[in-house]
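Okay, thanks everyone, let me put this one up on the screen. I'll walk through the overall layout and then a few residues I'd like you to look at.

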Amino acid sequence: VNAAMAMAGQRVGGVAAATGTPTTATITSVTNTGALMNHSPMLQLELLVMFRGVPTPVSLSEVVQLHHLAKAQRGAPLSVKVGDTPQDLWIDWDNS
């Protein structure tokens with residue numbers, strides 16, 4: 001995954017952050033991609049997102065700031081916002 005793809009994901013997440021519906025997700029898998037952006041690792045996250053009351057699997061690459069890495073563990077609950085589709089997702093790391 002390159003920086004342009006990561007930035008594209010952040011722009012989509014920005015829409016969900018502003019207008020999305022708050023819900024929860026659970027991390028089912030975490031893989032370090034080996035990529036870094038501003039010294040923060042990009043992780044491949046597999047999530048189970050509650051989308052309109054239905055647990056929905058979502059896969060995404062996410063740059064995770066160093067001070068949030070401890071939260072990126074299998075089984076961890078996350079506060080998220082979703083847009084029109086479960087892939088239109090923003091993770092609220094500060095409140096997770």
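Quick definition before I give you a surface figure: accessible areas here come from the Shrake-Rupley method with a 1.4 Å probe. On that footing, the chain has an accessible surface of about 5600 Å², and carbon and sulfur atoms hold 57% of that surface. And keep in mind that this is a predicted model.

So, the layout. We have one helix and five strands, and if you follow the sequence along, the pattern reads α-β-β-β-β-β. The chain has 96 residues, and 35% of them are buried. If you take the contacts with a separation of 6 or more, 53% come from residues 24 or more positions apart.

Now the inside. Which residues touch the most other members of the largest nonpolar core? That core has 18 residues, and the ones to look for are Leu47, Val49, Leu78, Val80, Leu89, Ile91 and Trp93. At least two core residues come from each of strand 1 (21-37), strand 2 (40-51), strand 3 (54-63), strand 4 (77-82) and strand 5 (89-91). The biggest giver is strand 2, which puts in five residues.

Let me zoom in on Trp93. Setting aside neighbours within four places in sequence, Trp93 has contacts with Leu45, Glu62, Val64, His68, Lys71, Ala72 and Leu78. Leu78 is also on that list of core residues touching the most other members.

Right beside that tryptophan in the numbering is Asp92, in the segment after strand 5. Here's something to chew on: how far from Asp92 is the nearest side chain of opposite charge? That side chain is Lys81, and it sits 6.9 Å away. A salt bridge needs the side-chain nitrogen within 4 Å of a carboxyl oxygen, so Asp92 is buried with no salt bridge. What the Asp92 side chain does have is a polar contact with the side chain of Asn95, at 2.8 Å. Leaving out residues up to four places away, Asp92 also touches Ser79 and Val80.

Next, over to strand 3, where you'll find Ser61. Is Ser61 buried or partly exposed? Partly exposed, because its relative accessible area is 30%. Its side chain makes a polar contact with the side chain of Gln44, at 2.8 Å. Those two, Ser61 and Gln44, are 17 residues apart in sequence, yet C-alpha to C-alpha they are 4.4 Å apart.

Ala35, in strand 1, is another partly exposed one, because its relative accessibility is 21%. From Ala35 to Val63 you go 28 residues in sequence and 8.8 Å in space, again C-alpha to C-alpha.

Last stop, backbone angles. As a reminder, most residues other than glycine have a negative phi. So have a look at Asn38, in the loop between strand 1 and strand 2: its phi is positive, near 55°. Asn38 counts as exposed, because its relative accessibility is 72%. Then there's Arg52, in the loop between strand 2 and strand 3. Arg52 isn't a glycine either, and its phi is positive at about 55°. With a relative accessibility of 66%, Arg52 counts as exposed too.

That's my tour, so over to you for comments.

Conventions. Residues are numbered from 1 along each chain as its sequence is written. This is a predicted model: local features need pLDDT of at least 70, side-chain atom pairs count only at pLDDT 80 or more; totals for chains, interfaces and linings use all residues. Side-chain values use heavy atoms; hydrogens and water are left out. A nonpolar core is a set of buried Ala, Val, Leu, Ile, Met, Phe, Trp, Tyr and Cys residues joined through side-chain atoms within 4.5 Å. Buried means under 20% relative accessible area, exposed over 50%, partly exposed in between (1.4 Å probe, protein chains only). Helices (H or I, at least four residues) and strands (E, at least two) are DSSP runs, numbered from the N terminus. Contact means heavy atoms within 4.5 Å. A polar contact is a pair of N or O atoms within 3.5 Å; within protein, one must be able to donate a hydrogen and the other to accept it, and residues adjacent in sequence count only if both atoms are side-chain atoms. Lys and Arg count as positive and Asp and Glu as negative; His and the chain ends are not counted.
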